[in-house]
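Here is my note on the model you asked me to look over. Keep the structure open beside you and take the points one at a time.

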Amino acid sequence: MDGKWGIVVRVVGLAVLVVAASIGMTYLWNPKPETVPPPKPLVLEPGMTVETFGRTNDLANPVLKELFGLSEAKDLSRPLDSFHLSNDEIIRRAQKAMALAAEESSKNWIKILVKFLLWLAFLAYVFRLTRLGRITPGVRKGLYFTAAVVFGVVLGSDPSAMGTVKDAIHLFAVQQVIFPPRLIALSVFLLTVLLANKYICAWGCQAGVLQDLVFRLGRNHKDDRGRIPQYKPPFWLTNTIRVVFLAVFIAAAVLWGVDIIEPVDPFKIYKPLALSAAGMGFIGVLAAASLFVYRPWCHFFCPFGLVGWLVEKVSVFKVKVDYGACVACEACARACPSTVMGAILKQDRTIPDCFSCATCMNVCPTKSITFSAGKRVKPPEGHFEKKRKNEVKTEG
Ligand code: SF4
Ligand code: SF4
């Protein structure tokens, strides 16, 4: 089946496959909740020892050790008064220690290790294909599908690049705690962005690759044009909304302890049993929107997308144009799923997010676009105007 209904059938089929397989995979991994329970009120009464305080509040000995700086087992029988801490200070420290312990115990560390190793191997493989110019439209779709299956369906929604930013901000706003493993994960993600333009978003992010795959399902076989109308919203609009959304997210976390992304988190498509009706509705809208607009979540909402966009300004490997070979036909800008190639080509002051998809490289008739290291250069004076004049003369 081809045409518009064929596209609809493929997208719906993909969604059903992802949701059904993700439900099945829930039982593969020892099903840890992967969500941190809300903090519970602590009981602190006069005359309590460290041990009774711990037993009453369900605090494990390592947590108590950290909390009171204990050095020996016999310190557990010390009265709380002997630490010369106010009740407020004890509660504050205990809540932080409990928050860190809850984060720690909610993680499936084997799965996380496997996922990061596979991420690094997969990104290295795609990087090599990109450098060799082997990302054809078919290969691109196959890679997106593979990434969605491996990093989403099989290995789940957590961890994710977006989660590292979102959860770090929320935990700090609510408990004033930093969970060190999350900072390490964020650093690894940002390192991939720094080495190769937005690479974790481009090829590894569970939500990103799925949106990208849906978008490509609505395009022709050369992947240079939509078979349905596809729109490129201006970057000033998408980025303004993304900045405002992050500001609202931070304000809600600080003022009310609320995580406004949680109910509509698109990564939960890989955790369908945890989705509310609102979440399902939002993901449905997002999937439909992904057919018409390139990666709507990434461009309009994602906190990591925003951070990654800032870091990609200094990425080592990125899309570059050789103006000596470029014939200024602008086929790359037309084929690019967003406005970014137009901005790269003309070296505008603001370059939007580039998702290193290599579509521009595919369509360039003179192979002037490379994914290489170094700074982008400006086009020679009058480069595009000369071309336009030649076209007018030819037409005349
Ligand atoms: S910007 Fe898109 S690809 Fe990047 S982390 Fe966010 S959802 Fe994933
Ligand atoms: S400029 Fe556009 S087409 Fe080229 S790699 Fe970036 S997002 Fe893809």
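1. **A residue with an unusual backbone angle.** Let's begin at Glu 330, which sits in the loop between strand E1 (317–321) and helix H15 (331–335). Please remember as you read that this is a predicted model. Although Glu 330 is not a glycine, its phi is positive, about 65 degrees. Is Glu 330 buried or exposed? Partly exposed is the answer, because 17 other C-beta atoms lie within 10 Å, between the limits of 12 or fewer for exposed and 20 or more for buried.

2. **Another positive phi.** Lys 367 is also worth finding: its phi is near 50 degrees, a positive value in a residue other than glycine. You will meet Lys 367 in the loop between H17 and strand E2 (369–373). Lys 367 counts as exposed because it has 12 C-beta neighbours inside 10 Å.

3. **A cis peptide bond.** Which two residues does a cis peptide bond join? They are Asp 158 and Pro 159, and omega there is about 0 degrees. Pro 159 belongs to the loop between H6 and H7.

4. **The whole chain.** Now step back and look at the overall picture. The chain contains 18 helices and 2 strands. Its C-alpha trace spans about 95 × 45 × 35 Å along the principal axes. Of its 396 residues, 34% count as buried. Take the contacts in the chain with a separation of 6 or more: 77% of them are accounted for by residues 24 or more positions apart.

5. **Three domains.** The domain assignment divides the chain into domain 1 (3–28 + 109–309), domain 2 (50–106) and domain 3 (315–395). Notice that domain 1 is written as two stretches. How far apart are the centres of domain 1 and domain 3? Taken over C-alpha atoms, they are separated by 26 Å.

6. **Where domain 1 meets domain 3.** Here 28 residues of domain 1 are in contact with 22 residues of domain 3. On the domain 1 side, the elements that each supply at least two residues are helices H5 (109–131), H6 (137–154), H8 (180–195), H9 (199–204), H13 (296–300) and H14 (303–311). This side of domain 1 has 15 nonpolar, 6 polar and 7 charged residues.

7. **The nonpolar cores.** The largest nonpolar core has 64 residues, and those with the most contacts inside it are Ala 148, Val 209, Cys 332, Ile 344 and Cys 360. H10 gives the largest share of this core, 7 residues. Why does the core lie between domain 1 and domain 3? Both domains give residues to the core, so it lies between them. Another core lies apart from this one; it has 9 residues, including Val 50, Leu 59, Leu 64 and Ala 94. To see what surrounds one residue of the largest core, select Ile 344: leaving aside neighbours within four places in sequence, Ile 344 is in contact with Val 319, Val 321, Ile 351, Cys 354 and Arg 376.

8. **Around ligand 1.** Which of the 13 residues around ligand 1 come nearest? They are Cys 201, Cys 205, Gly 208, Cys 298 and Gly 305. Two or more residues of this shell come from each of helix H7 (161–175), helix H10 (206–217), H13 and H14. The largest share, 3 residues, is from H14. By class, the shell around ligand 1 has 9 nonpolar, 3 polar and 1 charged.

9. **Around ligand 2.** Ligand 2 also has 13 residues around it, and Cys 336, Met 341, Cys 354, Cys 357 and Cys 360 come nearest. Helix H16 (340–346) and helix H17 (359–363) each supply at least two residues of this shell. H16 gives the most, with 3 residues. The shell around ligand 2 divides into 10 nonpolar, 3 polar and no charged residues.

10. **A loop residue to finish.** Val 177 lies in the loop between H7 and H8. With 15 other C-beta atoms within 10 Å, Val 177 is partly exposed. Not counting residues up to four places away in sequence, Val 177 touches Lys 96, Ala 99, Leu 100, Leu 171 and Phe 172. Ala 97 is 80 residues from Val 177 along the chain, yet their C-alpha atoms are separated by 8.7 Å.

Technical notes:
Residues numbered from 1 in each chain as written. Chains lettered and ligands numbered in written order. Predicted model: local features only at pLDDT ≥ 70, side-chain atom pairs only at ≥ 80, totals over all residues. Near = placed C-beta within 6 Å. Helix = DSSP H or I, 4+ residues; strand = E, 2+ residues; numbered from the N terminus. Nonpolar A, V, L, I, M, F, W, Y, C, P; charged D, E, K, R; others polar. Domains from an automatic or database assignment. Contact = placed C-beta atoms within 7 Å. Core = buried A, V, L, I, M, F, W, Y, C linked by C-beta atoms within 7 Å.
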